[in-house]
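Visitor: I would like a close look at one part, please: the nonpolar core and the strands that build it. Please add a few individual residues as well, with the cut-offs behind each term.

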Amino acid sequence: IYSWLITDDFKEFKTEDCDFSYYLMVTNIQKVFTIDRKGYLKVTFKSMDKYAYKKVTYKKTISNNTDIITVKNLSNEIYKPKIIITNKGDNNTINKINELEITGLESGKILTIDNLLYTVECEGQNAFDKVTNRKWISLKTGENVLSLSGNMIIEIICNFPIIL
């Protein structure tokens, strides 16, 4: 357990009865023994920041038409989600999320768009050329209605920072 706790990076710790997680790093571990020679570890953690995080995922299938998806930003800040698109059309299919256009993606291929870091990947490779107009998605606080069109399965992954 001692070596498992020691890391060079912050790790996600989930709360038991809530849907929140925290990102923590161990700063100190003290080995403690009781009078009857049983031991335990006294651990001190450092939090990455002041937030708890709530993971929320939205998923929808669009088949050669248009639709909407409502995403609720639970934080008090503008949030830039990660979006995963599986193209169900052919290479010429144009998949759109609001003004963000994805083209040239082969059928069945999965594209991951990180709107915070402005990265686009397909099978671990840079696929920045598949996003033609760079109209990145930002979610304001509260409900956001996103327009969807094309032939795809879309998954919007959020990890909202929340002050409890």
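Guide: Here is a walk through the core, followed by a few single residues. The model is a predicted one, where local features need pLDDT of at least 70, side-chain atom pairs count only at pLDDT 80 or more, and totals for chains, interfaces and linings use all residues. Residues are numbered from 1 along each chain as its sequence is written, and side-chain values use heavy atoms, with hydrogens and water left out.

Let us begin with the core itself. A nonpolar core is a set of buried Ala, Val, Leu, Ile, Met, Phe, Trp, Tyr and Cys residues joined through side-chain atoms within 4.5 Å; buried means under 20% relative accessible area, exposed over 50% and partly exposed in between, with a 1.4 Å probe and protein chains only. The largest such core has 30 residues, and Ile-97, Ile-102, Ile-113 and Ile-156 have the most contacts inside it. Two or more residues each come from E4, E5 (82-87), E7, E8 (110-114), E9 (119-122) and E11. E11 gives the largest share, 8 residues. These E labels are strands, DSSP runs of at least two residues (helices, H or I, need at least four), numbered from the N terminus.

Now for Ile-97. Leaving aside neighbours within four places in sequence, Ile-97 is in contact with Ile-83, Ile-85, Ile-102, Ile-137, Leu-146, Ser-147, Leu-148 and Ile-154, where contact means heavy atoms within 4.5 Å.

Asn-98 sits in the loop between strand E6 (95-97) and strand E7 (100-102). Because its relative accessible area is 29%, Asn-98 is partly exposed. Its phi is positive, about 50°, although Asn-98 is not a glycine. Most residues other than glycine have a negative phi. Asn-64 also has a positive phi, near 50°, but its place is in strand E4 (residues 52-73), and its 63% relative accessibility makes Asn-64 exposed.

Back in E11 (residues 142-162) we find Glu-155. With 23% relative accessibility, Glu-155 counts as partly exposed. Beyond four places in sequence, Glu-155 is in contact with Thr-57, Tyr-58, Lys-59, Lys-82, Ile-83 and Ile-84. From Glu-155 to Ile-35, 120 residues apart in sequence, the C-alpha to C-alpha distance is 54 Å.
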